[in-house]
Amino acid sequence: MPKAELHLHIEGALEPELMIEIGRRNGVELPWPDAESARRAYDFRDLQSFLDIYYRATSVLIREEDFYDLTTAYLRKAASQHVRHAEVFFDPQTHTARGIAIETVIRGIEGALRDAHGNLNLSTKLIMCILRHLSEREGMEIFRQALPWRRSITGIGLDSAERNNPPSKFRNLFELARREGFMTVAHAGEEEGAASVREALDILQISRIDHGVRCMEDERLVAELVRRQIPLTVCPLSNIRLRVFPSMQAHNLKRMLQRGLCVSINSDDPAYFGGYVNENYIEAADALGFERSDIVQLARNSFIASSLDTIQKQLYLNELQRYDEETP
Ligand code: ADE
Ligand code: ZN
């Protein structure tokens, strides 16, 4: 089924095998001798225990070709699962803090995105995420460094540890980003509750919420999200692996869909959470008992919630409708 993926951290697509290979070629020491032992360490208690490992693994990424290879591996996998459009997050501060130039990061990712348009018949957008555990001043600094690349960057996002780092901490940065013409998104309502989603909406004035599952704790907020059709990019396997919900059966995705929220299914950090976008659809559908019409609605939402222009959206929606009519 054709679909868009809107919540994917490129650093979270670094499979252990590729991490070991790039680490070897760059002479970077890792705490894991091989891919199997890395995978065994991917047993998370919460968001922070994941982030500690995720940031450690990125230390192998040094040269432009490392970012190119990582992005190409993700795009090939996504295309094989009929992702027709991908909006890719990257975390430049993770790399610049290690002395990697932002142009190395962007050139590598951008080269892979460009090649994928031709070779894999897939459209893409790039979203630069600000690390919320760092200060707004540091966020401003990376934003300034990225401005020469503004034609390659569609949106500005906010990720990393939500606890103790509320959206309001980045009020000025997001105001500037909007003024400069960027689409804005933010992780909210993953680790923290509905108040965090409310702040992202009111103070940062974002146009899409990443995760947002805990909005369901506030009925007034839900009513507004439904009325305004603010998209929420939900990542079911991530939520189970980071213990936002105790099991897939306990996930609230079906309730969100039935309530009329514009929810889509995404993989977040597929190398860490046990699956790419199709595995997320399949495991959520099996556990929550989705009808075919629910699954098609989720894919429809993924295109509607994208930052594509109206004509491109309609072309993909037509493709999805054709698939639905022609596939038994
Ligand atoms: N960075 C990568 N994945 C993330 C997530 N699920 N939440 C916050 N920051 C992240
Ligand atoms: Zn995420």
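Helices here are DSSP runs of H or I with at least four residues, numbered from the N terminus. By that reckoning, Asp66 belongs to helix α4, and we will come back to this residue after a walk through the rest of the fold. Please keep in mind along the way that the model is predicted.

Let's start with the sheet. Eight strands make it up, and they follow one another in the order β1-β2-β3-β4-β5-β6-β7-β8, with parallel pairing, in an open arrangement. The edges are taken by β1 (3–9) and β8 (263–265); each has a single partner strand, so one side of each lacks a neighbour in the sheet. From one strand to the next, the twist averages 25 degrees. If you would like to look at one pairing in detail, try β1 with strand β2 (residues 83–90): the two run in the parallel sense and are joined over five bridges. Within this region, Leu8 sits opposite Val88 of β2.

Now turn to the helices. Helix α7 (residues 136–146) lies across two strands, β3 (123–131) and β4 (155–159), and runs at about 145 degrees to β3.

Another pair worth viewing is helix α4 (residues 64–80) with helix α6 (residues 102–119). Their axes are 7 Å apart and the helices pack at an angle of about 35 degrees, in a right-handed crossing. On the α4 side the contact is made by Glu64, Phe67, Tyr68, Thr71, Thr72 and Leu75. The α6 side contributes residues including Thr104, Val105, Arg107, Gly108, Ile109 and Gly111. Sorted by character, the residues of this contact comprise eight nonpolar, five polar and three charged.

This brings us back to Asp66 in α4. Is Asp66 buried or exposed? Its relative accessible area is 0%, so Asp66 counts as buried. Leaving out residues up to four places away in sequence, Asp66 touches Ile22, Arg25, Asn26, Val60 and Leu61.

Finally, consider the nonpolar interior. The largest nonpolar core has 107 residues, and those with the most contacts inside it are Met19, Tyr74, Leu225 and Tyr272. To see the surroundings of one of these, follow Tyr272: setting aside neighbours within four places in sequence, Tyr272 is in contact with Glu11, Gly12, Leu14, Tyr42, Phe44, Phe50, Ile53, Tyr54, Ala57 and Arg241. Apart from the largest core there is another, of five residues, among them Phe89, Ile127, Met183 and Val185.

Notes:
Residues numbered from 1 in each chain as written. Chains lettered and ligands numbered in written order. Predicted model: local features only at pLDDT ≥ 70, side-chain atom pairs only at ≥ 80, totals over all residues. Heavy atoms only, no water. Pairing = 2+ DSSP bridges. Axes fitted to C-alpha atoms, helices over the stretch in contact; angles between N-to-C directions. Contact = heavy atoms within 4.5 Å. Left-handed = near helix turned anticlockwise from the far one by under 90°. Nonpolar A, V, L, I, M, F, W, Y, C, P; charged D, E, K, R; others polar. Buried < 20%, exposed > 50% of the residue type's maximum accessible area, 1.4 Å probe, protein only. Core = buried A, V, L, I, M, F, W, Y, C linked by side-chain atoms within 4.5 Å.
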